[in-house]
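This report goes through one protein model, from single residues to the whole chain. Please keep the sequence and the structure in view while reading.

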Amino acid sequence: MTTTTGLLRAHALHKSFGRTEALRGASVDVAAGEVLALTGPSGSGKSTLLLCLAGVLRPEAGSVTYDGRRLDDLGEGERTRLRRREFGLVLQFGQLVPELSAVQNVMVPLLLERHDRAAARTAALAWLERLGAHGLADALPGDLSGGESQRVAMARALVTGPAVVFADEPTGALDTVSGEEVMEVLVSTARDTGAAIVLVTHDNRVAAYADREVVLRDGTLDPSAAVTP
Ligand SMILES: Nc1ncnc2c1ncn2[C@@H]1O[C@H](COP(=O)(O)OP(=O)(O)OP(=O)(O)O)[C@@H](O)[C@H]1O
């Protein structure tokens with residue numbers, strides 16, 4: 001059952017890369033439908049925390065719980081299915097598949113879930129339209145601007161109707177105007193669908209779109225710096 005609070009929880013996470021301790025006891029809760037910004041200095045562990053919450057990275061200690069289920073209790077197949085169905089991911093440069101057109105990129109998550117091709121195309125076109133990118137359906141990623149790529153990446157993240165969208169510096173490669181447009185589209189669409197957003201950013205203007213901001217320092221949360229914009 002989905003509760004209205006604490007949909008996604010990280011508790012006391014530790015994650016190292018070699019001798020670098022990226023996370024040292026980080027804990028955070030994400031409520032259903034909330035827009036949460038993870039901020040903090042470069043190297044403080046923001047992306048690592050986001051990827052642990054998204055089930056992409058496995059922490060060495062601590063737990064991530066989604067809708068009452070611990071991700072580390074799930075087998076690899078079950079984790080992958082949960083990620084595909086419940087989570088959407090938007091990264092800094094869109095990370096679209098260069099050989100596929102915009103609409104084909106957006107269809108990928110549905111085809112992985114074995115949706116019928118025609119239905120997947122119809123849904124993908126509808127999402128592109130919703131994100132103001134309908135005219136781009138047949139364009140290849142190499143022909144898109146940064147802002148256009150991010151709209152397509154957001155359509156791909158939202159097409160499965162996820163409960164949580166993870167966005168790591170989604171406007172980091174964009175100029176201010178395109179960045180604001182992308183944030184407005186992302187946040188308003190999430191509000192419409194009820195999806196929560198976990199957003200990594202070092203840009204205060206981007207963090208201002210969030211309902212809540214938590215600040216990381218040295219791999220843990222800095223409670224004294226928590227801000228509600
Ligand atoms: N795949 C990796 N391999 C080795 N070290 C890594 C890896 N990912 C992260 N790190 C290290 O872990 C620490 C935390 O990195 P992370 O990317 O989570 O921080 P961040 O706050 O998102 O930083 P930034 O704002 O610069 O992106 C850094 O010291 C980084 O160099």
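Is Glu-169 buried or exposed, judged by its C-beta neighbours inside 10 Å? The model is a predicted one, and in it Glu-169 has 20 C-beta neighbours inside 10 Å and therefore counts as buried. The cut-off for a buried residue is 20 or more other C-beta atoms within 10 Å. Glu-169 is placed in the loop between strand 7 and helix 6.

**Backbone angles and burial of single residues**

Most residues other than glycine have a negative phi. Glu-169 is not a glycine, yet has a positive phi of about 45 degrees. Ala-12, also not a glycine, has a positive phi of about 50 degrees. Ala-12 belongs to strand 1, which covers residues 8-17. With 14 other C-beta atoms within 10 Å, Ala-12 is partly exposed. A glycine with a positive phi, Gly-55, comes just after helix 1, and the angle there is about 75 degrees.

The table lists four residues with their neighbour counts.

| Residue | Other C-beta atoms within 10 Å | Class |
|---|---|---|
| Ala-12 | 14 atoms | partly exposed |
| Phe-87 | 23 atoms | buried |
| Glu-169 | 20 atoms | buried |
| Leu-174 | 20 atoms | buried |

Phe-87 is part of strand 6. Apart from residues within four places in sequence, Phe-87 is in contact with Ala-54, Gly-55, Pro-162, Val-164 and Phe-166. From Phe-87 to Arg-24 the separation is 63 residues in sequence and 24 Å in space, C-alpha to C-alpha.

Leu-174 sits in the loop between strand 7 and helix 6. Residues up to four places away in sequence aside, Leu-174 touches Gly-146, Gly-147, Gln-150, Gly-179 and Val-182. For one of these partners, Gln-150, the distance to Leu-174 is 9.2 Å from C-alpha to C-alpha, with their positions 24 residues apart in sequence.

**Helix 5**

Helix 5 runs over residues 146-158. At 1.5 Å a residue, its 13 residues should span 18 Å, and the end C-alpha atoms are 18 Å apart, so the two values agree. How many of the 13 residues of helix 5 are buried? The count is 12, so the helix is largely enclosed by the rest of the structure. The buried residues of helix 5 include Gly-147, Gln-150, Met-154 and Leu-158. Charged side chains are not left out, since Glu-148, Arg-151 and Arg-156 are also on the list of buried residues. The buried residues of helix 5 pack against strand 6 (87-90), strand 7 (164-168), helix 3 (102-112), helix 4 (117-130) and helix 6 (176-193).

**The nonpolar core**

The largest nonpolar core contains 66 residues. Those with the most contacts inside this core are Leu-49, Leu-128, Ala-155, Ile-197, Val-198 and Leu-199. Helix 5 gives the most to the core, with six residues. Val-198 shows how distant parts of the sequence meet: leaving out residues up to four places away, Val-198 touches Val-30, Leu-36, Leu-38, Leu-50, Leu-53, Val-164 and Phe-166.

**Helix 1 and the ligand**

Six of the eight residues of helix 1 are buried, so this helix too is largely enclosed by the rest of the structure. The six are Lys-46, Thr-48, Leu-49, Leu-50, Cys-52 and Leu-53.

Which residues surround the ligand? They are Phe-17, Thr-20, Ala-22, Gly-40, Ser-42, Gly-43, Ser-44, Gly-45, Lys-46, Ser-47, Thr-48 and His-202. By type, this shell has two nonpolar, nine polar and one charged residue. Strand 2 (20-30) and helix 1 (46-53) each supply at least two residues of the shell. Helix 1 gives the most, with three residues.

**The whole chain**

The protein chain has seven helices and 10 strands. Of its 229 residues, 42% are buried. Among contacts between residues at least 6 apart in sequence, 70% join residues at least 24 apart. Along the principal axes, the C-alpha atoms fill a box of roughly 45 × 40 × 35 Å. A compact globule of 229 residues would have a radius of gyration near 17 Å, and the chain has 17 Å, which agrees.

How values were computed
Residues numbered from 1 in each chain as written. Predicted model: local features only at pLDDT ≥ 70, side-chain atom pairs only at ≥ 80, totals over all residues. Helix = DSSP H or I, 4+ residues; strand = E, 2+ residues; numbered from the N terminus. Expected span 1.5 Å × (residues − 1). Contact = placed C-beta atoms within 7 Å. Near = placed C-beta within 6 Å. Core = buried A, V, L, I, M, F, W, Y, C linked by C-beta atoms within 7 Å. Rg over C-alpha atoms; globule rule 2.2 N^0.38 Å.
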